[in-house]
Amino acid sequence: MGLSDWINDPFIPYLVLIIFGFLPTEIWRLAGLFFARRLSIDSEVFIWVRCVATVLLAAVVTKLVLSPVGALATVSLIGRIAGIISGVLAYLIFRRSIALGVIVAETVLMTSMIL
Amino acid sequence: MTIAIMPLLRTPRRSLLVEVLSAHLVAVTVWTECLRRLPKFPENERLPYFLGFGFACIILSTASTLLGYFVIDHMNVFIAAGMLFLTPAFFILSVSAGAKSLSDWCAIAIGLGFQPLSEKLLGPEIDLLAIGLLGGSCAYVIHRMYLRGLS
């Protein structure tokens, strides 16, 4: 089998997808694991890392709400922001239930699409 | 995220194989929910719960992805927008539910509030990385200063 046959093999795109989808997270996962293994359980590093990861996750939420992709981009900015805020308020006011907060957020978002 | 969850999964018999397996189950939902739930459990029940929860999430999300692939073309925009909105709505509630210290609340506020500035200054590729490192360090410093003020 020549090189051109190999490159044209229909499975190659899947192989490339697996390698390049898998490797970037794999490297950092294992690096993180081996780094964490060497630390004492009450190391300050864990608190700092938790801060970094939490900021990142909160920033992802803002990004998803302010620059949405696909169908969510058809909803008005006000509808998206109102959805998140009302979801958080519902969570805080009514028994601290995440499921209830998500339902209220979705209801407000969808209502804004009808209005 | 892998580093932050590891102290909760440490057992007296530290098996490398189990830790490598655990590291592969870390994703946002598993991470936020386990950071919140595991501290309430006895230490020997944390790892089994994490593995069960992690595999349940992977199986469900893989099945949902497959289902989504087939139904996306037939889905109206109303439902599709609602589905996409589940991600930010759940993330913010889950991470807020797990916040237990001043550093957590500072981190949430900084991430929510300063992402637009970070994206404006640095562009949409490295904005998250930059705000994570910089904002996370700020949240940590505020946490330290607060503790010093108490003592």
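Here are three short exercises with worked solutions on a predicted model.

Local features need pLDDT of at least 70 and side-chain atom pairs count only at pLDDT 80 or more, while totals for chains, interfaces and linings use all residues. Residues are numbered from 1 along each chain, chains are lettered from A, and side-chain values use heavy atoms, with hydrogens and water left out.

**Exercise 1.** Describe the interface of chain A and chain B.

*Solution.* Start with contacts (heavy atoms within 4.5 Å): 56 residues of chain A touch 67 residues of chain B. Next, take the buried area, meaning the accessible area (1.4 Å probe) that two parts lose on being put together, summed over both. For this pair of chains that comes to about 5300 Å², with carbon and sulfur atoms giving 75%. Finally, look for salt bridges (a side-chain nitrogen of Lys or Arg within 4 Å of a carboxyl oxygen of Asp or Glu). The rule finds five across the interface of chain A and chain B. A:Lys63 also forms a salt bridge with B:Asp127, with the closest N and O atoms 2.7 Å apart.

**Exercise 2.** Now work out how domain 1 and domain 2 of chain B meet.

*Solution.* First set the bounds, which come from an automatic or database domain assignment: domain 1 is 1-98 and domain 2 is 101-151. Each domain brings four residues to the contact. Then find the area buried between them, about 260 Å². On the domain 1 side, B:Ile92, B:Val95 and B:Ser96 supply 88% of the area buried against domain 2 of chain B. Last, the salt-bridge count across this interface is zero.

**Exercise 3.** Is A:Phe22 buried or exposed?

*Solution.* Apply the cut-offs: buried is under 20% relative accessible area, exposed over 50%, and partly exposed in between (1.4 Å probe, protein chains only). A:Phe22 has 43%, so this residue is partly exposed.
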